[in-house]
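Subject: The structure for you to look at

Hi,

Here is the structure I promised to hand over. Have a look at it first, then read on for what turned up.

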Amino acid sequence: MKKVLMMAGLILAANLGADEYKIDAAHSNIGFKVKHLLVSTVGGNFKNFNGKIDLDPANKKINFFEGEIAVDSINTDNEKRDDHLKSPDFFDVKKNPKGYFKMTKQEGDKLYGILTFGSVSREVVFDAEMSDVVVHPKTKKNVTALELEGKINRKDFNIGSGVPNTVVGDEVKIVINLELLGQ
């Protein structure tokens with residue numbers, strides 16, 4: 001019994017200062033950038049996403065973070081290109097409708113996690129920056145922001161494996177800006 005009480009106390013102590021936050025999708029963006037023909041940069045984003053996040057903003061600590069994107073919500077401001085990206089040449093959204101991220105740890109300003117597209121999961125590292133907390137003027141709830149930036153090789157995830165780097169760059173820059181609402 002003492003061990004159970006001690007474990008419960010440790011769990012409560014570990015969660016002091018930590019709060020669950022909700023992603024405000026209207027003020028957030030899951031974006032990417034990639035080279036086209038080795039010269040220009042094309043950007044885009046995913047319009048539909050959600051996630052769960054638990055933060056200790058006072059200490060700039062992310063305790064838990066999982067996210068999901070609807071791959072068919074990809075948007076590059078070009079319908080023809082978006083349809084091609086949804087096709088089997090790239091994401092194959094009929095077979096792989098979602099992408100997932102699950103945090104594994106935070107070390108300083110680095111956030112580590114597992115990114116999954118289709119049947120491929122790989123460790124990724126993001127530079128992470130959390131803003132200070134402010135109080136929302138209408139809701140009176142805490143608001144903070146989390147910015148993540150990192151790079152992946154699209155071919156490591158079987159995204160456009162048959163498309164050469166000279167047409168679409170292998171390196172994809174990921175830029176995630178989340179406005180987070182305290183509960």
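Below is a walk through the findings, from the whole chain down to single residues.

**The overall picture**

Keep in mind that this is a predicted model. The chain has 183 residues, and 39% of them are buried. Its secondary structure adds up to 2 helices and 12 strands. If you read the elements from the N terminus, you get α-β-β-β-β-β-β-α-β-β-β-β-β-β. Lay a box along the principal axes and the C-alpha atoms fill roughly 60 × 40 × 30 Å. The accessible surface is about 11,200 Å², and carbon and sulfur atoms account for 54% of that.

How much of the contact map joins residues at least 24 apart, if you count contacts between residues at least 6 apart in sequence? The share is 54%.

**The largest pocket**

Next, try finding the largest pocket, which has a volume of about 690 Å³. Its lining takes in 37 residues, and the ones nearest the centre are Phe 32, Phe 46, Phe 91, Phe 117 and Val 172. Quite a list of elements supplies at least two lining residues each, including β3 (40-46), β4 (49-56), α2 (79-86) and β12 (168-182). Which element gives the most to this lining? That is β2, with 6 residues.

**A loop with two unusual residues**

Now go to the loop between β2 (29-36) and β3 (40-46), where Val 39 sits. Leu 37 lies in that loop, and so does Leu 38. Most residues other than glycine have a negative phi. Leu 37 is not a glycine, yet its phi is positive, at about 55 degrees. Leu 38 also has a positive phi, of about 65 degrees, without being a glycine.

Are these residues buried or exposed? Leu 37 has 48% relative accessibility, so it counts as partly exposed. Leu 38 reaches 52%, so it counts as exposed, and Val 39 is exposed as well, at 65%. Together with Val 167, these three residues (Leu 37, Leu 38 and Val 39) make a nonpolar surface patch of about 370 Å².

**Salt bridges**

There are 7 salt bridges in the structure, and here are some to click on.

- Glu 66 and Lys 102: their side chains meet at 3.5 Å, N to O. Glu 66 is in strand β5 and Lys 102 in strand β7, so this pair ties together parts that are 36 residues apart in sequence. Glu 66 is partly exposed, with a relative accessible area of 28%, and Lys 102 is partly exposed too, at 47%.
- Glu 107 and Lys 105: here the side chains meet at 3.2 Å, N to O. Glu 107 has 42% relative accessibility and counts as partly exposed, and Lys 105 is partly exposed at 36%.
- Arg 154 and Asp 170: this salt bridge comes in at 3.3 Å, N to O. The pair links distant parts of the chain, with Arg 154 in the loop between β11 and β12 and Asp 170 in strand β12, 16 residues apart. Arg 154 has a relative accessible area of 3%, so it is buried, and Asp 170 is buried as well, at 18%. Salt bridges that share partners join Arg 154, Lys 155 and Asp 170 into one network.

Stay with Asp 170 for a moment. Leaving out residues up to four places away in sequence, it touches Ile 152, Asn 153, Arg 154, Lys 155 and Asn 165. Asp 170 and Lys 35 are 135 residues apart in sequence, but their C-alpha atoms are 8.1 Å apart in space.

**One more stop: Glu 147**

Glu 147 is in strand β11 (residues 142-153). With a relative accessible area of 37%, it is partly exposed. Which residues does Glu 147 touch, not counting those up to four places away in sequence? They are Asp 127, Ala 128, Glu 129, Ile 176 and Asn 177. For Asn 177, the C-alpha atom is separated from that of Glu 147 by 4.6 Å, although the two are 30 residues apart along the chain.

Happy exploring!

Terms used
Residues numbered from 1 in each chain as written. Predicted model: local features only at pLDDT ≥ 70, side-chain atom pairs only at ≥ 80, totals over all residues. Heavy atoms only, no water. Helix = DSSP H or I, 4+ residues; strand = E, 2+ residues; numbered from the N terminus. Buried < 20%, exposed > 50% of the residue type's maximum accessible area, 1.4 Å probe, protein only. Contact = heavy atoms within 4.5 Å. Patch = residues over 30% accessible without salt bridge, like charges linked within 9 Å, V, L, I, M, F, W, Y side chains within 5 Å. Areas by Shrake-Rupley, 256 points an atom, 1.4 Å probe, with all protein chains shown as cover. Salt bridge = Lys/Arg side-chain N within 4 Å of Asp/Glu carboxyl O. 1 Å grid on protein atoms, 1.4 Å probe; cavity = no way out; pocket = protein on both sides within 12 Å on 5 of 7 lines; lining within 4 Å. Points joined across faces, edges and corners; volume = space filled by probe spheres on them.
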